[in-house]
Amino acid sequence: MTDLPKKTALVTGASSGVGLWSAKALADRGWHVIMACRDLAKAESAAREAGIAPANRTLLHVDLADFASVRALAEAARETVRAGGGALDALVLNAAVYLPRAEAPQRNADGYEISVATNYLGHFLLANLLLPDLEAAPAPRLVTLGTVTANSEEFGGKIPIPAPADLGDLEGLEAGFRDPVAMIDGKPFKPGKAYKDSKLALMIMSRELHARFHDKTGIIFATLYPGCVADTPLFRHAPKAFQTIFPWFQKNITKGYVSQPLSGERVAQVVADPDFTRSGVHWSWGNRQKPGAQAFAQPLSSKAENAHRAARLWDLSAKLVGLEDARIGEPA
């Protein structure tokens, strides 16, 4: 076991794409990164290829759709930090699955639709489990990857393909979120919308974390959209034509394209840099990328700012992942 540097971050989905390059950017800043991934062999190979030094990384397994695996990750991360004599300074909720061609919902062992289970519910559980560990750090941050397609304040969030993100009145969660229910709003299954909804739920969760815990704990809660990372492995299940056309379109028409290394650098900025100490903020660099672009606080839609819906989403999510104690998430 290598000695941990002063700062430690846990990044989910760190074996490829934004997560890998976030880990790289943090390691380059001298941080130790706990890379939480489903495929550890893939993560090891990716870390070596990216140039993340062994002394600056620990690989831990997690399947975010498996809540027992999430609990095991939290305990393993806690032990990793304890063994190094440091603290958990940051948690980065990055991992995601996107299954736009799914004809029917895939489900986890609990019967929940896999996009929402992985992207949202697993992260909800992990964040709650690690809140006390973050609170013990001197200047902790919990950073969540959002997306433009889940924010209807922006043009990308208004595109009705297959439908804009909308959690409705949480009817699907109220009904237990098991077969035949596969959408948070209880409506018929649309795989692309399931992804958007999961990201909207995450952005709402971050705002609710801020409302409940920032003043009590000092933890900085933020979401961000680093730009359109159009060639990330997130799109590996999209049609081949889309995988070719979409990056070209973002690079040449919308000018929204951001490379994977730049996206990782932007995540690392929100995690580590002194310019990002505001809590309850959604950081963005805009839809049209320019050299030297500066981050700004991007407003979120009313769908993400409804306090009553956010509180209900919290309570329903806690029940679905087995955190039914009303005080769950309260710092120890």
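Glu79 is partly exposed, with a relative accessible area of 41%, in this predicted model. Its partner is Arg82, and the two side chains meet in a salt bridge with 2.6 Å from N to O. Arg82 is partly exposed as well, at a relative accessible area of 47%. If you trace helix 3, which covers residues 67-84, you will find both Glu79 and Arg82 in it, 3 residues apart, or about one turn of the helix. Elsewhere, salt bridges that share partners link Arg29, Glu265 and Asp273 into one network.

Stay with helix 3 a little longer, and look for Ser69, which is also found there. Is Ser69 buried or exposed? Its relative accessibility is 10%, and buried means under 20%, so Ser69 counts as buried. What does the side chain of Ser69 reach? It comes to 2.8 Å from the backbone nitrogen of Asp63. Leaving aside residues up to four places away in sequence, Ser69 touches His61, Val62 and Asp63. Asp63 therefore appears twice in this small picture, once as a residue that Ser69 touches and once through its backbone nitrogen, with Ser69 itself buried.

Now move to helix 2, made of residues 40-50, where Glu44 and Arg48 sit 4 residues apart, about one turn of the helix. These two form a salt bridge, and their closest N and O atoms are 3.2 Å apart. How exposed are the two partners? Arg48 has a relative accessible area of 52% and is exposed, whereas Glu44 is partly exposed, with 25%.

Helix 1, residues 17-28, holds another pair for you to find: Lys24 and Asp28. Here the closest N and O atoms of the salt bridge are 3.3 Å apart. Why are Asp28 and Lys24 separated by about one helical turn? Because they are 4 residues apart in helix 1. The two ends of this salt bridge are worth looking at one by one. Asp28 counts as exposed, at 55% relative accessibility, while Lys24 is buried, with a relative accessible area of 16%.

Finally, step back to the whole model. How many salt bridges does the count come to? The count comes to 17 salt bridges. Among them are the pairs you have just visited: Asp28 with Lys24, Arg48 with Glu44, and Glu79 with Arg82.

Terms used: Residues are numbered from 1 along each chain as its sequence is written. This is a predicted model: local features need pLDDT of at least 70, side-chain atom pairs count only at pLDDT 80 or more; totals for chains, interfaces and linings use all residues. Side-chain values use heavy atoms; hydrogens and water are left out. A salt bridge is a side-chain nitrogen of Lys or Arg within 4 Å of a carboxyl oxygen of Asp or Glu. Helices (H or I, at least four residues) and strands (E, at least two) are DSSP runs, numbered from the N terminus. Buried means under 20% relative accessible area, exposed over 50%, partly exposed in between (1.4 Å probe, protein chains only). A polar contact is a pair of N or O atoms within 3.5 Å; within protein, one must be able to donate a hydrogen and the other to accept it, and residues adjacent in sequence count only if both atoms are side-chain atoms. Contact means heavy atoms within 4.5 Å.
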